[in-house]
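Q: I've got a model open and I'd like to learn how to read it. Can you walk me through it, feature by feature?

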Amino acid sequence: MYFYSQGDSAMEQQRHIVIVGIGAAGLYASKAALSQDRNCRVTFIEERDFDQFSPCALPFALEGLMDVEELKHSLPEVKNRLSKLLFHRAVSMDPDAKTLTVRNLATGEDREIAYHSLVLATGAAPMILPVPGAREFLGKGIHVVSDIESVSSLRKAALSTPDKRAAVIGAGAIGLEAAHALVKLGIHVAVVEAESRPLPRTIDPEMAGAVLERMQALGMKTLFGNAVTEILGQDRVEGIQVGEEIISCGIVVMAAGRIPRSEPAAGAGAAVNRGFLITDNRMETTLKDVYAAGDTVQTFSRTDRTPAAMQLATAAYR
C-alpha cells in the first residue's frame with residue numbers, strides 16, 4: 001500500500017484523513033468525512049487484527065447467549081477512498097510535519113503516514129485500582145470486561161473455577177452487567193462500590209433503590225459506601241478486603257472505571273485534563289488539524305457549557 005509523502009502533488013489534490021481506531025467514534029467520523037467530501041481519502045489505523053466488535057454485547061457473550069465470534073464486524077474497503085491498516089499501532093506524531101508514525105505489530109516495522117487531518121478515536125482502557133495485589137494478580141484471578149479476549153478469559157474462568165465465588169468491583173453499567181452474567185453462570189457474586197448506591201453517575205437515589213432490590217433478589221451480596229483496600233491471595237486471588245470485612249472469592253472483576261487513551265496526541269503536546277484530550281466545539285484538540293472523539297475526549301455539556309466527558313457510544317456517534 002502506498003502512502004503519500006508530504007508535498008506529493010497527488011496528496012494536494014486528494015485530502016487524506018487518517019483515523020486511529022475503528023470504534024463507534026472512528027466509524028462515524030469516517031462516514032461523515034466520506035459523505036461531506038467526495039474527494040477525500042480515509043485510512044484507518046487499528047490495533048486489533050480484525051475491524052470492529054460490539055462492546056455492548058460483551059455481557060451476552062459472557063453469559064453464553066451468543067458466541068464471541070458473532071460480535072465481530074467487518075468494514076469493507078473502498079478503492080481509492082477507504083483503506084485499513086489492521087494490527088498497527090499509532091506510536092507517535094509530528095503535528096508540525098503532519099505525520100503519524102505507526103508500528104506493524106506483527107513485524108515491529110515503523111512507517112510514517114502523512115495526513116491533512118488526523119482523528120484520534122483511541123477509546124479507553126479499564127482502570128486497575130491502585131490497591132495492593134491488584135496488578136500482581138492480573139491474569140491470576142483478576143479480570144476486566146473490555147474486549148473479546150478479556151470476556152473469553154472471564155467466561156472460561158467462571159465455567160472452570162471450583163470456587164464459584166466472584167467479586168465485582170464497581171456498580172456502574174459494566175460492573176452490573178458482568179455481575180448479572182456471572183450469576184446466570186451459577187457464580188455467587190459480591191458487588192463492591194465505593195459510592196452509596198448502584199449506577200451512581202447515571203440514575204437518582206430512588207431508581208437506584210429499585211436496582212439494589214433487583215440485585216439482592218438475584219442473590220448478589222451488595223457492599224456500598226466502602227472501597228476495596230487490598231486483593232488477597234498467595235499465587236492467585238483468594239479474596240478481597242473491604243473495610244474490616246474479607247470477601248472470599250476466586251475471581252475479581254475490575255469495573256471501577258476507564259482511563260482515556262490519549263496518546264499519541266498527549267505526547268505531542270496536546271492539552272489534557274485528567275487524561276482526557278481537551279477538544280473544542282468542532283472536536284479539534286489544541287493541535288491544529290488533530291481531532292478526537294469518543295471515550296478519550298473531554299468536550300462540553302450542551303446543557304450548561306461546562307467541561308464534560310461522556311464515555312458512551314451514543315455520545316461517540318454524535
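**Reading the model**

A: Let's begin with a helix: H6 covers residues 205–217, so 13 residues, and runs 18 Å from its first C-alpha to its last, close to the 18 Å expected at 1.5 Å a residue. Keep in mind that this is a predicted model.

Q: What comes after H6 in the chain, and what is the sign of its phi?

A: That's Gly219, with a positive phi near 90°. There is a similar item to look at after H5: Gly186 sits just after that helix and has a positive phi of about 85°.

Q: How far apart should the ends of H5 be, and how far apart are they?

A: The idea is to multiply the rise per residue by one less than the residue count. H5 (residues 173–184) has twelve residues, which should span 16 Å at 1.5 Å a residue, and its end C-alpha atoms are 17 Å apart, so the two agree.

Q: Which residues of H5 are buried?

A: Here's the general idea: an α-helix has 3.6 residues a turn, so residues three or four places apart point the same way. In H5 the buried residues are Gly175, Leu176, Ala178, Ala179, Ala181, Leu182 and Val183.

Q: And what do the buried residues of H5 pack against?

A: Their partners include three helices you can click on: H3 (58–63), H4 (148–160) and H6. The strands they pack against are S12 (165–169), S13 (188–193) and S18 (251–254).

Q: Let's zoom out. How many helices and strands does the protein have?

A: Seven helices and 24 strands. The radius of gyration is 22 Å, close to the 20 Å that the globule rule gives for 318 residues, so the protein is as compact as a globular protein of that length. Along the principal axes, the C-alpha atoms fill a box of roughly 65 × 45 × 35 Å.

Q: What share of the residues counts as buried, and how much area does the protein expose?

A: Of the 318 residues, 47% count as buried. The exposed area is about 16,200 Å², with carbon and sulfur atoms supplying 50% of it.

Q: What about sequence separation in the contacts?

A: Take the contacts between residues at least 6 apart in sequence: 58% of them join residues at least 24 apart.

Q: How many charged side chains are there, and where are the centres of the two sets?

A: There are 33 positive and 38 negative side chains, and the two centres lie 4 Å apart.

Q: Which backbone details should I check in the loops?

A: Look at omega and at the sign of phi. A cis peptide bond, with omega about 5°, joins Glu263 and Pro264; Pro264 is in the loop between S19 (258–260) and S20 (272–273). For phi, Asp289 has a positive value of about 65° although it is not a glycine, and Arg305 has a positive value of about 70°, again without being a glycine.

Q: Where are Asp289 and Arg305? Is Asp289 buried or exposed, and is Arg305 buried or exposed?

A: Asp289 lies in the loop between S21 (276–278) and S22 (290–292), and with a relative accessible area of 15% it is buried. Arg305 lies in the loop between S23 (297–300) and S24 (307–308); at 54%, Arg305 is exposed.

Q: One last residue: what does Thr101 touch?

A: Thr101 is in strand S7 (residues 99–104) and is buried, with a relative accessible area of 15%. Leaving out residues up to four places away in sequence, Thr101 touches Arg89, Ala90, Val91, Ser92, Asp110, Arg111 and Glu112.

Conventions: Residues numbered from 1 in each chain as written. Predicted model: local features only at pLDDT ≥ 70, side-chain atom pairs only at ≥ 80, totals over all residues. Heavy atoms only, no water. Helix = DSSP H or I, 4+ residues; strand = E, 2+ residues; numbered from the N terminus. Buried < 20%, exposed > 50% of the residue type's maximum accessible area, 1.4 Å probe, protein only. Contact = heavy atoms within 4.5 Å. Rg over C-alpha atoms; globule rule 2.2 N^0.38 Å. Areas by Shrake-Rupley, 256 points an atom, 1.4 Å probe, with all protein chains shown as cover. Lys, Arg positive; Asp, Glu negative; His and termini not counted. Charge placed at Lys NZ, Arg CZ, Asp CG, Glu CD.
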